Amino acid sequence: MPKTEVDVDIFGSGIAGLWTFHRLKRLGYDILLLEKESIGCGQTIASQGIIHSGLKFSLAGKVNKLAHSISKMPEIWRAALRGEGDVDLSSAKMSAESQQLLIPSGFMGGLTKLVAERALGNNVHAAPKDEWPSDLKNSGFKGSLIFMDEPVLNVPSVLRALAEPYKNCIRKISEEESLKPFHFLEENNITAKRIIFTSAGRNHEIAKSSAHDKGLETQKRPLLQGMMKNAPFPLFAHLVGKTDKPIASITTHEMSNGTLVWYLGGLVAERSTDSNPQDVIDAAQKAFASYLPNVDFSNVEWSTLPINRVEGKSKTDGWMPDTPTIHHTQEALYCWPTKLTFAPMLGDMILENLNNEDITPSNKESDFGFLPPADYTETPWDKAKWTK
C-alpha cells in the first residue's frame, strides 16, 4: 500500500472532532477524520443543541470560570451561523433563537435577572405576558418568563454543515480497528504529524491500551434523557425549581415524518442509565402538571435515551470541568469538549498545540479513497421505541 502522509489524523466525528476538522481544513491542513460508527453519533446527536450562555450554571451557584467561559460561546456560534466565524455553519439550522427560563411565581425571578446582567453580562429579557408565545399564554403557567441569549441548534444540520464540504476526508473504520488506532495507521501506511482523539467515551480506554494514560483522569455523568412525541407545541425552556438545577430542560425536535418531540434533560434525566424509564416519565408528568396545567398530554408517547457523558475529571468540585480538557502525550492528544457549547474553545486549544509544535498547513489534500466513507447518524427520536 502506498504511503499516505497527512498533517493531522483525528479519531472521532462528534462535535469536537468535526469542529476542529472543519476549522483546520479551512486553514489548509491535510486531515483524515476516522469514525467507527456514523458521523455525529454518541454524545453529540444526544445533545439537546442548546448553546449555553452560563445562566443555568449561575443559578446553580456556579458563577465562576465555567459560567464566564460559557457566556462567550453563543456569539461565537452565532458568528459561525452567519458564515463569519472560524468555521462556516451558514447552512445549518437554528431551532430557536433563545432558550427560555420559566420561573414560577415567588421563585427568585428578580435574582435570576440580576445574576444574568451583573455576574455574566448576558443579554436577557424578562418578557411581559403580552409578549409570551400564545401556546405558553394558554398553558396555565404562572410566573416569569425570561428569554436568554441561548440559541438552540438543529444538531443534524450542524453535523452536515461541518462535514459535507470535506466529506471525502471522513472515513469509516471497524470497531476492532478503532480499538487499535496506532496499529490501524501503521497497517494502512498512514503517518500524521499529530494524532488527535475526540471520541469522548472511548478516549480513556485507548489511552490506557497505548500506555498513554499516566496522569489521565476522567469522569462519567450519566443521564437517562426523556423523549415525548406528539408534543403539543414547540417549547424551548428550562423549568426552574427550588434546587440548583432546572426541574426539566425541554427542547423541541422533528422526527423524519414531521412529528414533534420534546427532548427532556435537567433533573428529570439526571439518574443512572439503568434506572427504570418509568421514573423519568413520572417526573416529567409531575413537572408538566405543575408548570403547564392546561396542556392536554393525553395523546403523547414516551421513550428514554441512556447517555454516559464522559469528560475530563473536574479539578475543583467534582461537578464539571471549567473548560474543555486535553490530555497531552508525545504521541497524541486526547480531547474532551465537556459540552457542545465548548467545541470552539477546544478547537482553539488544539490549534494552539499545533502552532506550538510548529505543525503548519501543507495546503494539500490526500486521497483517502482506499477507505470506506462514513454516513451521517440517525436521530434518537427516529430510532426510539415508543410507549403510551
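In what order do the strands of the open sheet of 6 strands run? The close-ups below take that sheet and several other parts of this predicted model in turn.

**Figure 1. The whole protein, before we zoom in.**
Let's start with the overview: the protein has 13 helices and 16 strands. It is 388 residues long, and buried residues make up 56% of them. Take the contacts with a separation of 6 or more: 76% of those come from residues 24 or more positions apart. As for the outside, the accessible surface comes to about 16,600 Å², and carbon and sulfur atoms own 46% of that area.

**Figure 2. The open sheet of 6 strands.**
Here's the answer to the opening question: the order is S8-S2-S1-S9-S16-S15, and the pairing is mixed. At the edges you'll find strand S8 (170-172) and strand S15 (325-328), each pairing on one side only. Going from one strand to the next, the twist averages 30°.

**Figure 3. Strand partners inside that sheet.**
Strands of a sheet pair through backbone hydrogen bonds, and they can do so parallel or antiparallel. Strand S1 (residues 4-11) and strand S9 (residues 190-197) run parallel and are joined by 7 bridges. To find your way in, look for Thr 4, which stands opposite Ile 190 in S9. S9 also pairs with strand S16 (residues 332-336), again in the parallel sense, over 3 bridges. There, Phe 197 has Tyr 334 in S16 as its bridge partner. Over by the edge strand S8, strand S2 (residues 31-35) pairs with S8 in the parallel sense over 3 bridges. Glu 35 has its bridge partner in S8, namely Lys 172. Which strands does helix H12 lie across? Helix H12 (residues 343-356) lies across S1, S9, S15 and S16, and runs at about 25° to S15.

**Figure 4. The open sheet of 8 strands.**
This sheet goes S5-S6-S4-S11-S12-S13-S10-S14, and its pairing is mixed. Strand S5 (125-127) and strand S14 (301-312) are at the edges with a single partner strand each, so one side of each has no neighbour in the sheet. Ignoring direction, neighbouring strands of this sheet are turned by 25° against each other on average.

**Figure 5. One edge of the 8-strand sheet and the helix lying across it.**
Strand S10 (residues 218-229) and S14 run antiparallel, with 12 bridges joining them. One pair to look for is Met 228 and its bridge partner in S14, Trp 302. Helix H11 (residues 277-291) lies across strand S4 (100-104), S10, strand S11 (237-239), strand S12 (248-254), strand S13 (260-265) and S14. Against S14, H11 runs at about 105°.

**Figure 6. Pro 222, a residue in strand S10.**
Is Pro 222 buried, partly exposed or exposed? Its relative accessibility is 31%, so Pro 222 counts as partly exposed. Leaving aside neighbours within four places in sequence, Pro 222 is in contact with Glu 270, Arg 271, Ser 272, Thr 273, Ile 307, Asn 308 and Arg 309. Pick out Glu 270 from that group: 48 residues separate Pro 222 and Glu 270 in sequence, but their C-alpha atoms are 6.8 Å apart in space.

**Figure 7. Helices H1 and H7 crossing.**
Two packed helices are described by the angle between their axes and the distance between the axes. For helix H1 (residues 15-27) and helix H7 (residues 155-163), the axes come within 9 Å and cross at roughly 35°. The crossing of H1 past H7 is left-handed. Which residues meet here? On the H1 side they are Ile 15, Leu 18, Trp 19, Phe 21 and His 22, and on the H7 side Val 158, Leu 159, Ala 161, Leu 162 and Ala 163. Sort the residues of this contact and you get 9 nonpolar, 1 polar and no charged.

**Figure 8. Lys 25, also found in helix H1.**
With a relative accessible area of 8%, Lys 25 is buried, because the cut-off for buried is under 20%. Setting aside neighbours within four places in sequence, Lys 25 is in contact with Ile 31, Tyr 166, Cys 169 and Glu 365.

**Figure 9. Helix H4, largely enclosed.**
Why is helix H4 (residues 73-81) described as largely enclosed by the rest of the structure? Because 7 of its 9 residues are buried. The buried ones in H4 are Met 73, Pro 74, Trp 77, Arg 78, Ala 79, Ala 80 and Leu 81. Just after H4 comes Gly 83, with a positive phi of about 80°.

Terms used:
Residues numbered from 1 in each chain as written. Predicted model: local features only at pLDDT ≥ 70, side-chain atom pairs only at ≥ 80, totals over all residues. Heavy atoms only, no water. Pairing = 2+ DSSP bridges. Helix = DSSP H or I, 4+ residues; strand = E, 2+ residues; numbered from the N terminus. Axes fitted to C-alpha atoms, helices over the stretch in contact; angles between N-to-C directions. Contact = heavy atoms within 4.5 Å. Left-handed = near helix turned anticlockwise from the far one by under 90°. Nonpolar A, V, L, I, M, F, W, Y, C, P; charged D, E, K, R; others polar. Buried < 20%, exposed > 50% of the residue type's maximum accessible area, 1.4 Å probe, protein only. Areas by Shrake-Rupley, 256 points an atom, 1.4 Å probe, with all protein chains shown as cover.
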